[in-house]
Amino acid sequence: MKKSSSLVVAAIVGLMSFLISAPSGFCQQNVGVIVVDVQGDFTTLKNGSLAVGGTDKAFVDKVQQATEALKKKGYPIYATQDWHPKDHVSFCTNHEGKKPFDAIEINGKTQVLWPAHCVQGTENVNVLLDNSLFVAVVKKGQDKKFDSYSGFQDDGGAKTGIDEMLKKNGIKELIVYGIATDYCVKATAIDAANAGYKVTVIEDLCKGVTPDTTAKALKEMTEKGITIKKDL
Ligand code: VGL
Ligand code: ZN
């Protein structure tokens, strides 16, 4: 074989082995991962104040292992972290006469009132996965006046900086999973799609607050062009 054609063969073999090493459907060069709000307060594992059903040790271990596997494949991993001050607008304790899960109108938006959760400096604000997996942990919801389900921006329009970070790193596609499917995963995935990323949500690496809103969220995300995949 001529030298030039053996070089071509070597290049093709190299490219094929690179593609085979990536999970089906993703080419990791421009793909990033966002792990949404896997924090103590959202889990039954840590007896969280806003524990979402099914977030036991088995679930958190599964998310940890999946994230490790993605990291080993070369994907840059980002995490979001709900990071509220004690006097945050979304806490029912900051609205007289209101109880958890009541909804009120604030600035023309419906705000669900939650039990106090993910308060800055508390034990249960921590992200439960091995933090060395992450390129960055992006905090959100630190302005007491606005909620921020999305990892991209809060309800007042203030950006978290994640979009800039992703763009600077050449990310064009995102794999998104975490807690909760019907709130922060949904808002983050939809904002990502609106910002021009090709988004895939991994359903089995998510848990939702209620079955009803979770089903609605999956439908809404699909309608926005987001791919819902059962597992990796
Ligand atoms: C979330 C409710 C309030 C979430 C955050 O991470 O989905 N839900 N704050
Ligand atoms: Zn919150």
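**Cavity.** I started with the space taken by ligand 1 and found that this space is the largest cavity. The model is predicted, and I read every value below as computed from it.

**Shell.** I listed what surrounds ligand 1: Asp-37, Phe-42, Asp-82, Trp-114, His-117, Tyr-149, Ile-179, Ala-180, Tyr-183 and Cys-184. I then sorted this shell by class and got seven nonpolar, one polar and two charged residues.

**Polar contacts.** I looked up the oxygen atoms of ligand 1 next. One oxygen atom lies 2.7 Å from a side-chain N or O atom of Asp-37. I also noted backbone N or O atoms: that of Ala-180 is 3.0 Å from an oxygen atom of ligand 1, and that of Cys-184 is 3.1 Å from one. I checked the cover as well: ligand 1 on its own exposes 260 Å², and the protein buries 99% of this area.

**Zinc.** Which protein residues are donors of the zinc ion (ligand 2)? I found Asp-82 (OD), His-84 (NE2) and His-117 (NE2), at 2.0 to 2.2 Å from the ion. I recorded their spacing along the chain as D-x1-H-x32-H. Asp-82 and His-117 are also in my list of residues around ligand 1.

**Geometry.** Why is the arrangement around the zinc ion (ligand 2) irregular? I looked up the angles subtended by the four donor atoms, and they run from 86 to 171°, so the arrangement is irregular. For reference, I noted that the ideal angle for four tetrahedral donors is 109.5 degrees.

Terms used
Residues are numbered from 1 along each chain as its sequence is written. Chains are lettered from A and ligands numbered from 1 in the order in which they are written. This is a predicted model: local features need pLDDT of at least 70, side-chain atom pairs count only at pLDDT 80 or more; totals for chains, interfaces and linings use all residues. Side-chain values use heavy atoms; hydrogens and water are left out. A residue is near a molecule or strand if one of its heavy atoms lies within 4 Å of it. A polar contact is a pair of N or O atoms within 3.5 Å; within protein, one must be able to donate a hydrogen and the other to accept it, and residues adjacent in sequence count only if both atoms are side-chain atoms. Accessible areas come from the Shrake-Rupley method with a 1.4 Å probe; for residues, only the protein chains shown count as cover. On a 1 Å grid over the protein atoms alone, a cavity is a set of points where a 1.4 Å probe fits but cannot get out, and a pocket is an open set with protein on both sides within 12 Å along at least five of seven lines; lining residues have an atom within 4 Å of a point. A molecule sits in a cavity or pocket if more than half of its atoms lie within 2 Å of its grid points. Ala, Val, Leu, Ile, Met, Phe, Trp, Tyr, Cys and Pro count as nonpolar, Asp, Glu, Lys and Arg as charged, and the others, Gly among them, as polar. Donors are N, O and S atoms within 2.8 Å of the metal (3.2 Å for Na, K and Ca); water is not among the atoms, so sites may look incomplete. Four donors count as tetrahedral if all angles lie between 85 and 135 degrees; four count as square planar and six as octahedral if opposite donors are over 155 degrees apart and all others between 65 and 115; anything else is irregular.
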